[in-house]
Amino acid sequence: MAPPYSATSLLLTSSPSSFLSPFPAAKRDYRPRLPAGRAFVVNSLRSSGSELPPAVQTFWKWLTEEGVVSSKTSTLPGVVDEGLGLIAKRDIGRNEVVLEVPKRLWINPDTVAASEIGKVCVGLKPWIAVALFLIREKRSEGSRWRRYIDVLPEETNSTIFWSEEELAELQGSQLLSTTKSVKEYIKNEFEKIEEEVISPNKKLFPNPITLTDFIWAFGILRSRAFSRLRGHNLLLVPFADLINHSSRIETEDTYEIKGTGGLFSRDSVFSLRSPVYVKAGEQVLIQYDTRKSNGELALDYGFIEATANRNAYTLTLGISESDPFYGDKLDIAESNGMGETAYFDIYLGQPLPPTMLQYLRLVALGGTDAFLLESIFRNTVWGHLDLPVSRSNEELVCRVVREACASALSGYSTTVEEDAEIIESGSLNPRLEIAVGIRAGEKRVLRQIDGDFKERESELNEVEYYQERRLRDLGLVGEQGDIIFWEPK
Ligand SMILES: C[S@@+](CC[C@H](N)C(=O)[O-])C[C@H]1O[C@@H](n2cnc3c(N)ncnc32)[C@H](O)[C@@H]1O
């Protein structure tokens, strides 16, 4: 009997879970590529103070007046391939502190709370409160952060800033659907805040605030906020946020909050160390986040890496409400830390996530295997699902995953080989380079998943299923896998 599940009811293939919450604490850290909106000329790594754009010189003067930098400071801002960056003035040792920025210059939800708009921002999501604050400061000539805001880019190469034509290069990709969802999310949040906070408080927001402003602020926060700090999930630190990312650096542990009077005291400083030895004149770089996929890097910062295992694809699996065993399956999933929908990030060259096969087998469970859903198995069923349950269950899992891969692969307008040719054909503009790299990477992961399940499919006759394991455990299967019967004496 054909199992009552189709490829589509078993799984969908897109949308990383992360976009729903722009600043999840554990997995995220944010930064963006060459700011397209700024007219800085990219030259060498060694721009000296006098070659700097006027806005950066004024910013530096401000930091000096604020006592944040002095002649002893070991770094200088400079114009580099990545936009602005931090250049070593002298040789810098590994783990040497390169800058310290006092709390009074940071921008975080506390800054907003203490500001004129603090009262109307109570209860807002932290990123929304900080976004509103940034936009308002950007419009205010007398802002305390004027010098800082003047050196922020108008946009980065994050896909949220791409034109329709540029986005078309991502056709069929997961990054395209994530980008659209993120923009939709920002738009919804903007409309809500416009109605509930901006319009009723015209005196506090005398200048019009547009969706474009809101997207700008989102992009700034996503690309520059330091997030791996306990109690400071959303922290903008002027000067420190000029640091660029290098794929060659492995350690992420490069910044911390130091405070003479405790972590949250007024005397706290944000302290940034160089993870490696840097020669005078070279750029000081850090690792933004080793766990981010290329899709996440492109969305957050506007660059990708050539490193193979940054290529990822998120499989979204779900228990359909129309499944006759919906309630039991959901109960089992929930007792094992999962839910009606589960997201599995699959990386190029890496094994499948550990619980993915269990979840797939659970979702596909039906027919004569449905007895495993009975309550007497509730405590053990998850363990049973770790290994193949039955041929029909395993076959369905393989078929559905392979159909989903084929369907996803058919949505792209180019093949991996065509993408490779485009990359080889010469210098691409940064956004096209990202688009081609992303779509090629996603397709390679999809091919890998398909290959994995193709192999499983070819082994369906060889693997041991639940009933055989059970018989063996009961001592009813002989050494050669033969079933032992009781012969009549
Ligand atoms: C925290 S800011 C660093 C300062 C930034 N370069 C600037 O001009 O203001 C992060 C942004 O720098 C750029 N960036 C950082 N590392 C990069 C890299 N390895 N490749 C390309 N762009 C990079 C991206 O635009 C990213 O969004």
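**Entry 1. Overall counts**

I began with burial and found that buried residues make up 41% of the 489 residues in the protein chain. I note here that the model is predicted. I then listed the secondary structure, and the protein chain has 16 helices and 10 strands.

**Entry 2. Domains**

I looked up how the protein chain is divided: domain 1 spans 86-290 and domain 2 spans 308-470. I computed the separation of their C-alpha centres as 35 Å. For the contact between them, I found 10 residues of domain 1 touching 13 residues of domain 2. I sorted the domain 1 side of that contact by class and got 3 nonpolar, 5 polar and 2 charged residues.

**Entry 3. The sheet of 4 strands**

I traced an open sheet of 4 strands in the order β2-β3-β8-β5, and its pairing is mixed. Which strands stand at the edges? I found β2 and β5 (244-245) there; each has a single partner strand, so one side of each is left without a neighbour in the sheet.

I went through the pairs next. Strand β2 (residues 75-80) runs antiparallel to β3, and 6 bridges join them. The two form a hairpin, with 2 residues between them. I picked out two bridge partners across this pair: Val-79 is matched with Leu-84 in β3, and Gly-78 is matched with Gly-85 in β3.

On to strand β8 (residues 283-286): 2 bridges join β3 to β8, again in the antiparallel sense. Here I noted that Leu-86 has Val-284 in β8 as its bridge partner.

I then asked how many residues of strand β3 (residues 83-88) are buried. The count is 6 of the 6, so β3 is largely enclosed by the rest of the structure.

**Entry 4. Leu-84**

I stayed in strand β3 to look at Leu-84, which is found there. Is Leu-84 buried or exposed? I counted 26 C-beta neighbours inside 10 Å, so Leu-84 counts as buried, the cut-off for buried being 20 or more. Leaving out residues up to four places away in sequence, I found that Leu-84 touches Val-56, Pro-77, Val-79, Val-151 and Leu-242. Val-79 in that list is also the bridge partner of Leu-84.

**Entry 5. First annotated set**

I checked the UniProt record, an unreviewed entry, and its "binding site" annotation covers Glu-82, Gly-83, Leu-84, Arg-224, Asn-244 and His-245. These residues are spread over 164 residues of sequence, yet they cluster in space, with a largest C-alpha distance of 13.4 Å.

From this set I also looked at His-245, which lies in strand β5. I found 21 other C-beta atoms within 10 Å, so His-245 is buried.

**Entry 6. Second annotated set**

I found another "binding site" list in the unreviewed UniProt entry: Arg-224, Arg-228, Asp-241, Tyr-255, Tyr-288 and Tyr-301. I followed two of its tyrosines, Tyr-288 and Tyr-301.

Where is Tyr-288 placed? I located Tyr-288 in the loop between β8 and α9 (294-300). Tyr-288 has 25 other C-beta atoms within 10 Å and is therefore buried.

I located Tyr-301 in the loop between α9 and β9 (312-318). Tyr-301 has 26 C-beta neighbours inside 10 Å, so Tyr-301 counts as buried.

**Entry 7. The sheet of 3 strands**

I traced another open sheet, this one with 3 strands in the order β4-β7-β6 and antiparallel pairing. Its edge strands are β4 (97-102) and β6 (255-258), each of which pairs on one side only. I computed the average twist from one strand to the next as 25°.

Between β6 and strand β7 (residues 269-273), I counted 4 bridges in the antiparallel sense. At this pair, Lys-258 stands opposite Val-269 in β7.

**Entry 8. Glu-457**

I ended with Glu-457, which lies in helix α15 (residues 430-458). Why does Glu-457 count as partly exposed? I found 15 C-beta neighbours inside 10 Å, and a residue is buried at 20 or more, exposed at 12 or fewer, and partly exposed in between. I also looked up its separation from Ser-390: the two residues are 67 residues apart along the chain, and their C-alpha atoms are separated by 13 Å.

Terms used:
Residues numbered from 1 in each chain as written. Predicted model: local features only at pLDDT ≥ 70, side-chain atom pairs only at ≥ 80, totals over all residues. Pairing = 2+ DSSP bridges. Axes fitted to C-alpha atoms, helices over the stretch in contact; angles between N-to-C directions. Domains from an automatic or database assignment. Contact = placed C-beta atoms within 7 Å. Nonpolar A, V, L, I, M, F, W, Y, C, P; charged D, E, K, R; others polar. UniProt positions renumbered as here; feature names shortened; annotations may be inferred.
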